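Here are a few notes to read with the picture open. Have a look at the strands before you start, then go through the points one by one.

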Amino acid sequence: MSPSVSIASLEVVGGADVTVQSAELGSVRVEHSTLSLYGLVFSNGAGPAISVKDGTVLADQISIQGRDGVVLQDSVFDAIGLDMRGVRGTDGGAIRGDDSEVVVRGSVFRNTAGTGYGGAIFLEGGSLLVEDCDFGASEAWRGGHIATSNANAEIKRSVFANGKATNCI
């Protein structure tokens, strides 16, 4: 039996290269650094579970439920096996990126919501790759599941169901 580790808040700044594996986290802030996350659960809390500015986050088998998700600025977020349920935000209910590179593979998004654009994902500038993902119920003002602005987006072998945009043009 492995020990149970719980971390309330983690900051990775100033060029660090950190790996966290098999833990429960409250929140993570990354700036000018690289963070690798493996097999983590983010507990309920206020604010984004993961916040990244000018950094890189590599995520494998991460669960975020019932809280704000991922917020990126001028960053890279490369994830496989995300489990995002009941995640809500303003633009991008689960993932919001500004001038960022977002890659999401083999992930599940359920009951996500954004009050603005993109019920699950919103990207303003940069690039988005969604591959082999399953999007369930999702809602936003525009872009029930995914919305982009001035960004390159590529979606491969993914399923979308029950997306709702309340303001379509």
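1. How many bridges join S5 to strand S7? Keep in mind that this is a predicted model. The count is five, and S5 and S7, the latter covering residues 68–73, run parallel. If you want a spot to click on, try Pro48: its bridge partner in S7 is Asp68.

2. Now turn to the pairing of S5 with S3. Strand S3 takes in residues 24–31 and strand S5 residues 48–53, and four bridges hold this pair in the parallel sense. Here you can find Arg29 opposite Ser51 in S5.

3. Further along there is an open sheet of four strands, in the order S10-S13-S16-S19, with parallel pairing. Why do S10 and S19 have one side without a neighbour in the sheet? Strand S10 (88–89) and strand S19 (163–165) stand at the edges, and each has a single partner strand, so one side of each stays free of a sheet neighbour.

4. Let's stay with the S10 edge for a moment. S10 pairs with strand S13, residues 112–114, in the parallel sense, and two bridges link them. One residue pair to look up is Arg88 with its bridge partner Ala113 in S13.

5. Is Ala140 buried or exposed? This residue is found in strand S16, which spans residues 138–140. Ala140 counts as buried because its relative accessible area is 2%, and the cut-off for buried is under 20%. Setting aside neighbours within four places in sequence, Ala140 is in contact with Gly114, Gly116, Tyr117, Gly118, Gly119, Lys164, Ala165 and Thr166. Leu82 is another story: 58 residues separate Leu82 and Ala140 along the chain, and their C-alpha atoms are 20 Å apart.

6. Next, a backbone detail. Most residues other than glycine have a negative phi. Asn150, however, has a positive phi, near 55°. You'll find Asn150 in strand S17, residues 146–156. With a relative accessible area of 70%, Asn150 is exposed, since exposed means over 50%.

7. Which value does phi of Asn162 take? Phi is near 60° there, again positive in a residue that isn't glycine. Asn162 lies in the loop between strand S18 (159–160) and S19. Asn162 counts as exposed because its relative accessibility is 63%.

Key. Residues numbered from 1 in each chain as written. Predicted model: local features only at pLDDT ≥ 70, side-chain atom pairs only at ≥ 80, totals over all residues. Heavy atoms only, no water. Pairing = 2+ DSSP bridges. Buried < 20%, exposed > 50% of the residue type's maximum accessible area, 1.4 Å probe, protein only. Contact = heavy atoms within 4.5 Å.
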